[in-house]
Amino acid sequence: MINLSLQYPIFGPEIQCPHCRQTIPALTLTDTYLCQRHGAFESDPKTGELVHLQSGRHWRQWENEWYRQHTHPDGIRFEIHEALDRLYTQGYRATRVIIALRYKDLISTYLERSTPWRGQADSQRPRLYGLPVEFSPDPKENPCWDVINFDLDKEPGAPVQYPYFRLFE
């Protein structure tokens, strides 16, 4: 008897395309999934990553959601900007962004820093798009931070100023 699970890549007979979220099939006896719109994705059983063969972009999965693994600061900044835009259209404003610790060196030079006034003990937290930035705990403490890229704290209401437009100025 043949074990059917051995005929498919590590994520099973089908997955959601990381780009368009359509269900895409695995090619049997390979490590590949094929999206009709976006082409081939190869799964790597050693790293648990999914790689888009045309672009070389990498994704990892956490709780059935794909997260792109960034190698350039513009990628993570753009992803955060898109999430802020979505919050705004849903009637929320972000109050803080928590970025995965693994991106600290990559994104640090892009963070806004303010010089403290004379007599202030601490400088303010770094900011991105006007929001305070914190970095996640070590992934050993909370394993989701080894996969997810950032999290936004939010509250109902539109931003007083919409600082996220600064990206385009």
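Here is a walk through the two sheets of this predicted model and the helix that sits on one of them.

Let's start with the sheet built from five strands. If you go across it from one side to the other, you meet the strands in the order β3-β4-β5-β6-β7. The pairing is antiparallel, and the sheet is open. So where are its edges? Look for β3 (32-35) and β7 (65-69), since each of these pairs on one side only. As you step from one strand to the next, the twist averages 30°.

Now zoom in on one pair from that sheet. Strand β4 covers residues 39-44 and strand β5 covers residues 49-52, and four bridges link them in the antiparallel sense. Which residue of β5 stands opposite serine 43? That's leucine 50.

Time for the other sheet, which is open too and has four strands. Here the order is β9-β10-β8-β11, so the strand numbers don't simply count up as you cross, and the pairing is mixed. The edge strands are β9 (127-128) and β11 (150-156), each with pairing on one side only. Inside, β8 (residues 92-99) and β10 (residues 131-135) run parallel, joined by three bridges. To find a spot where they meet, pick out isoleucine 98: its bridge partner in β10 is glutamate 134.

Finally, find helix α1, residues 73-89, which packs on this four-stranded sheet. Which strands does the helix touch? Helix α1 touches β8, β9, β10 and β11. Compare its direction with that of β11, and you get an angle of about 20°.

How values were computed
Residues are numbered from 1 along each chain as its sequence is written. This is a predicted model: local features need pLDDT of at least 70, side-chain atom pairs count only at pLDDT 80 or more; totals for chains, interfaces and linings use all residues. Side-chain values use heavy atoms; hydrogens and water are left out. Two strands pair if DSSP finds at least two bridges between them. Axes are lines fitted to C-alpha atoms, for helices over the stretch in contact, and angles run from 0 to 180 degrees between N-to-C directions. Contact means heavy atoms within 4.5 Å.
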